[in-house]
Amino acid sequence: MGKKIYDDDDGRTIADMSGLEGRSITSAFKETRRKKQEEKLNPEIQEDKKTRRAYTFGAVGAGLLIGGIYLVVFAIVIVFLLFIWGVL
């Protein structure tokens, strides 16, 4: 089975894709392995579990705080609009 031939194809190249390389399935594993090797060579880069956990909880807490502020403001707007429309 050869290359498909289209009636409206004039043979021009629209975008040359020959220089692009796709990520392989194993590239994520290679990056993880390389990172672990760098951590072994450079102990300053290595984070302990407490630091990583603190960063994680800090990020989650900040997200929850921002989400909570949006919910409170949304509830205040709804109550205000219901008050204006005479429902309450």
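Helices (H or I, at least four residues) and strands (E, at least two) are DSSP runs, numbered from the N terminus. Show the whole chain as a cartoon: there are two helices and zero strands.

This is a predicted model, where local features need pLDDT of at least 70, side-chain atom pairs count only at pLDDT 80 or more, and totals for chains, interfaces and linings use all residues. Residues are numbered from 1 along each chain as its sequence is written, and side-chain values use heavy atoms, with hydrogens and water left out.

**Stop 1: the surface.** Turn the surface on. The accessible surface comes to about 9200 Å² (Shrake-Rupley method, 1.4 Å probe; for residues, only the protein chains shown count as cover). Carbon and sulfur atoms hold 63% of that surface. Of the 88 residues, 1% are buried (buried means under 20% relative accessible area, exposed over 50%, partly exposed in between).

**Stop 2: helix α1.** Select residues 27–41. Lys35 sits in this helix. Is Lys35 buried or exposed? Lys35 is exposed, because its relative accessible area is 52%.

**Stop 3: the positive patch.** Keep Lys35 and add Lys49, Lys50, Arg52 and Arg53. Together they form a positive surface patch. Patch residues have over 30% relative accessible area and no salt bridge, with like charges joined within 9 Å and nonpolar side chains within 5 Å. A salt bridge is a side-chain nitrogen of Lys or Arg within 4 Å of a carboxyl oxygen of Asp or Glu. α2 gives the most to the positive patch, with four residues.

**Stop 4: helix α2.** Select residues 49–84. The end C-alpha atoms of α2 are 52 Å apart, which agrees with the 52 Å expected for 36 residues (1.5 Å times one less than the number of residues). Just after α2, Gly86 takes a positive phi of about 85°.

**Stop 5: the nonpolar patch.** Pick Val77 in α2. Val77 is partly exposed, at 40% relative accessibility. Val77 belongs to a nonpolar surface patch of about 1300 Å², with Leu65, Phe80 and Trp85 among the other members.

Methods:
Buried < 20%, exposed > 50% of the residue type's maximum accessible area, 1.4 Å probe, protein only. Lys, Arg positive; Asp, Glu negative; His and termini not counted. Charge placed at Lys NZ, Arg CZ, Asp CG, Glu CD.
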